[in-house]
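Good morning, everyone, and thank you for making time for this. I would like to walk through one model with you, beginning with its pockets and then turning to some single elements and residues.

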Amino acid sequence: MNLSSALHHRFFNVIQAEAEKLGVNVYVIGGFVRDQILGRPSTDIDFVSDKLGVDLARNAAKALGIKKIDIFKTYGTAHFRFGEWDLEFVNARKESYTSDSRNPQVEQGSLQDDQNRRDFTINALAISLQKENFGDVIDPFGGLTDLEQKTLRTPLDPDITYSDDPLRMMRAIRFANQLHFRIEQSSFEAIKRNADRIKIVSMERITTELNKIVLCAKPSIGFKLLFDTALLDRFFPEMVKLHGVEKRNGIAHKDNFYHTLQVLDNVCETSDNLWLRWSAIMHDIAKPPTKRFEEGAGWTFHGHEDLGARMVPKIFSRLKLPLDHSMKFVQKMVLLHLRPIALTKEEISDSAIRRLLFEAGDDIDELMKLCRADITSKNESKVQRYLANYEIVVQKLVELEEKDRIRNFQPPITGEDIMRIFNLTPCREIGVIKTAIKDAILDGIIRNEYEEAYNFMLVEAERLGLKPN
Ligand code: CTP
């Protein structure tokens, strides 16, 4: 195969000419080659040369008029940006690993050595930039056939490839999910055998791959593979505990692992928001610890939304996910995920809808997406009934928001107003009056405006024995 048509950008010729001047051979290798053949856009290019990689990068950058170049002396690598392109230069290397680290001993090697040390045959493909065979694909392990057959296979014995660098087990699953490839059977078995080695990989790197899985069009594929290989249990045991069905007196509950994955896939159809996707993953996370069998009622999971929200910080902290507003958002989604549907079980009062709007605030639309995604059941008539109720809630939310502007509710009377009007220093009564005003608005007793709130405040204050100035 010749890919010279993919090398039309002028920097390929500049790099080839500079390599010729230095007397070195240079190749494009790895993800860029794979993505070109798959027709996926990519702007990261790795160049590997048999020697003088840093000099080649320096000379090529100069010839292209680029001044800023990053050189990593210890690794003998260099990188520069050229417009939207990220160009990385390395010397071909031969690697040997020790059992306790994924950082190998590195020595100078040939192109073949460099291809040997790569994770998958489809990532070991190289394109020659030499004049005599410009664009020729060098494929020592049958990577082209694997691309065609959508197979992930390691160039060497999979036990060696995964044990050397266990992050590759996560990468295998991520690629399988992203590219819709199948992990070859012996590779899959090797991942199961080596799963425990994931412990030598830093959590940050695991989570980078995990988030790439979460951002796939259908992340359930990746999570099922993580579960089946027992990798998931190593870093996210709470999710594994969702798996399984228990039956008592002939009553079974649903398998919350597969239910969670269904909700996650559903959310992915309507949103690319990583944190809404994480909310779907976490929404039922506290079902196992809250599970009870109650005579008459069957299986219950009382308070799982509350406990689930409280479990989020610990899980985020272990997974090295950010502990900032993103985590707060996930907590809020987990805490509120039952509310819209719970509303439909009784007469839907305006007051309950206003309270939901008040608590969800600007995140109400995301919450409703999660709720919609959470309507899964084998019983089609149940699904239809919930969906119809869900539509009623959505409609009511729109109507009430238009009328009462609760979403970004700011009380028409502030604590400072109350202190000024009644000549108070900070005290408990201020909070009591404020809460009474808020509740009166949410319950529809008064409208969300100054005058009605002022009159209501006077009545409340009198009850507390306060008189205005
Ligand atoms: N590689 C590897 N083992 C790893 C990471 C990377 O063998 N643990 C090799 C693969 O040949 C890979 C190349 O290094 O193609 C570049 O890695 P990277 O840029 O991380 O991944 P890509 O394959 O380019 O894929 P993506 O950009 O989707 O992460």
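Let me start with the lining of the largest pocket, which by class has eleven nonpolar, nine polar and 20 charged residues; here Ala, Val, Leu, Ile, Met, Phe, Trp, Tyr, Cys and Pro count as nonpolar, Asp, Glu, Lys and Arg as charged, and the others, Gly among them, as polar. Before I go further, I should say that this is a predicted model, in which local features need pLDDT of at least 70 and side-chain atom pairs count only at pLDDT 80 or more, while totals for chains, interfaces and linings use all residues. Residues are numbered from 1 along each chain as its sequence is written, and side-chain values use heavy atoms, with hydrogens and water left out.

A word on terms: on a 1 Å grid over the protein atoms alone, a pocket is an open set of points where a 1.4 Å probe fits, with protein on both sides within 12 Å along at least five of seven lines, and lining residues have an atom within 4 Å of a point. Grid points are joined across faces, edges and corners, and a volume is the space filled by probe spheres set on the points. On that basis, the largest pocket holds about 1400 Å³ of space, and 40 residues line it, with Asp46, Arg117, Arg118, Arg171 and Arg205 lying nearest its centre. Among the elements that give two or more residues to this lining are helix 2 (31-38), strand 2 (44-49), strand 6 and helix 9 (203-214), and helix 7 gives the most, with six residues. Helices (H or I, at least four residues) and strands (E, at least two) are DSSP runs, numbered from the N terminus.

Where does the largest pocket lie with respect to domain 1 and domain 2? Both domain 1 (4-148) and domain 2 (150-235) give residues to its lining, so the pocket lies between them. The chain also has a domain 3 (415-463), and the centres of domain 1 and domain 3, taken over C-alpha atoms, are separated by 69 Å. These domain bounds come from an automatic or database domain assignment.

The second largest pocket has a volume of about 1000 Å³, and of the 25 residues that line it, Lys254, Lys287, Thr376, Lys382 and Tyr386 are the closest to its centre. At least two lining residues each come from helix 13 (256-270), strand 15 (298-300), helix 18 (339-343) and helix 21 (380-404), and by class this lining has nine nonpolar, eight polar and eight charged residues.

Let me return to two elements of the first lining. In helix 2, the buried residues (under 20% relative accessible area, where exposed means over 50% and partly exposed lies in between, with a 1.4 Å probe and protein chains only) are Phe32, Val33, Arg34 and Asp35, and the helix is followed by Gly39, whose phi is positive, near 75°. Strand 6 (residues 93-96) has a covered face, with Arg93 and Glu95, and an uncovered one, with Lys94 and Ser96. In a regular strand the side chains alternate between the two faces of the sheet. Strand 6 runs antiparallel to strand 7 (residues 105-108), joined to it by four bridges, where two strands pair if DSSP finds at least two bridges between them. Glu95 stands opposite Val106.

Turning to helices elsewhere, how many residues of helix 14 (residues 274-282) are buried? Nine of its nine residues are, including Trp275 and Trp278. At the N-terminal end of helix 14, Asn273 acts as a cap, with a side-chain oxygen 2.8 Å from the backbone nitrogen of Trp275.

In helix 12 (residues 237-240) we find Glu238, which counts as buried at 14% relative accessibility. The side chain of Glu238 makes a polar contact with that of Arg318 (2.4 Å), a polar contact being a pair of N or O atoms within 3.5 Å, where within protein one must be able to donate a hydrogen and the other to accept it, and residues adjacent in sequence count only if both atoms are side-chain atoms.

Finally, Asn249 has a positive phi of about 45° although it is not a glycine; Asn249 lies in the loop between strand 12 (247-248) and strand 13 (251-252), and at 55% relative accessibility it counts as exposed.
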